[in-house]
Amino acid sequence: MLLQIGLIGILILLILFISSGCTSLKKIYSNEVCSELNKEKSNVKQSEIIDEDTVKDLPMPVIKHFRVCGFMGQKQMANVKIVWENAYIRMDKNRGWLKLTCEQFNFVIPEPARIVLMRSNIAGFIPFCGRDKYQDGHGNMYIRLLGRLTIGNVSGKNMDQSALVTLLA
């Protein structure tokens, strides 16, 4: 009887642990996004309108792109939020594809930044989440399993360069 109660208790704790998912990493992501939005608010003057004078120093293919896509006469954007609900990632060429949900913010004012929150489930029920970013000139990839176990936290010169290339792409 005590063994059954103990197993039920462990099962309940495990379910609560797993169901809490990525809340702490989402909080980190949200704080970083808010930080960028606050920087943007303090640095944005009245939104400029994209016109011929605004784009005159850009390469001709970019100017043509602005014209063809209808950006001329529009307000300049300072940020964009992108949500991917059906993205896929492959951790290894010998493994299958893993469904991934991503929420990404890209910023251009006052300086370029990219912050992404990624969520998925391994084996269909074990949550893992990651936050990938380029912010304040530095890159960082932070990955947690079950919302609490850090399995990756990579930064440094190579990550700075990699994250910048990803932002520019």
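A polar contact is a pair of N or O atoms within 3.5 Å, where one must be able to donate a hydrogen and the other to accept it within protein. Keep that in mind for the first close-up, and remember throughout that this is a predicted model.

**Figure 1. Asn106 and its surroundings in strand β2.** Let us start with a single residue. Asn106 sits in strand β2, and its side chain makes a polar contact of 2.8 Å with the side chain of Gln104. Which residues does Asn106 touch once its neighbours within four places in sequence are left aside? They are Ala78, Asn79, Val80, Ala113 and Arg114.

**Figure 2. The largest nonpolar core, built from eleven residues.** Here you can pick out Cys22, Leu25, Tyr29, Val33, Phe105, Phe107, Ala113, Ile115, Leu117, Cys129 and Tyr142. Helix α2 (23-43) and the strands β2 (98-107) and β3 (113-122) each contribute at least two residues to this core. Phe107 is a good place to pause: not counting residues up to four places away in sequence, Phe107 touches Val33, Glu36, Leu37, Glu40, Ala78, Asn79, Pro112, Ala113 and Ile115. There is also a second, separate core of seven residues, with Ala87, Leu98, Cys102 and Met118 among them.

**Figure 3. Helix α2 and its buried face.** This helix has 21 residues and reaches 30 Å from its first C-alpha to its last, close to the 30 Å expected at 1.5 Å a residue. Which residues of α2 are buried? They are Leu25, Tyr29, Glu32, Val33, Glu36 and Glu40. Seen down the axis of α2, these buried residues fall within an arc of 95°, so they line one face of the helix. A general rule helps here: an α-helix has 3.6 residues a turn, so residues three or four places apart point the same way. On the other side of α2, you will find Thr23, Lys27, Lys41 and Ser42 exposed. What covers the buried residues of α2? The cover includes β1 (79-89), β2, β3, β4 (126-135) and β5 (138-145).

**Figure 4. The salt bridge between Glu32 and Lys133.** Side chains of opposite charge can pair when their charged atoms come close. In this pair, the closest N and O atoms of Glu32 and Lys133 are 3.1 Å apart. Glu32 belongs to helix α2 and Lys133 to strand β4, so the bridge links distant parts of the chain, 101 residues apart. Are the two partners buried or exposed? Glu32 counts as buried because its relative accessibility is 11%, under the 20% cut-off. Lys133 is buried as well, with a relative accessible area of 15%.

**Figure 5. The salt bridge between Asp136 and Lys39.** The closest N and O atoms of this pair are 2.4 Å apart. Asp136 lies in the loop between β4 and β5, while Lys39 is in helix α2, so the pair ties together parts that are 97 residues apart in sequence. Asp136 is partly exposed, with a relative accessible area of 45%, and Lys39 is partly exposed too, at 21%.

**Figure 6. The salt bridge between Lys56 and Asp53, with a network to look for elsewhere.** Lys56 and Asp53 have their closest N and O atoms 3.0 Å apart, and both residues are exposed. Salt bridges that share partners also join Glu32, Arg131 and Lys133 into one network. How many salt bridges does a search of the whole structure find? It finds seven.

Definitions and conventions:
Residues are numbered from 1 along each chain as its sequence is written. This is a predicted model: local features need pLDDT of at least 70, side-chain atom pairs count only at pLDDT 80 or more; totals for chains, interfaces and linings use all residues. Side-chain values use heavy atoms; hydrogens and water are left out. A nonpolar core is a set of buried Ala, Val, Leu, Ile, Met, Phe, Trp, Tyr and Cys residues joined through side-chain atoms within 4.5 Å. Buried means under 20% relative accessible area, exposed over 50%, partly exposed in between (1.4 Å probe, protein chains only). Helices (H or I, at least four residues) and strands (E, at least two) are DSSP runs, numbered from the N terminus. Contact means heavy atoms within 4.5 Å. The expected span of a helix is 1.5 Å times one less than its number of residues. The arc is that of the directions from the helix axis to the C-beta atoms. A salt bridge is a side-chain nitrogen of Lys or Arg within 4 Å of a carboxyl oxygen of Asp or Glu.
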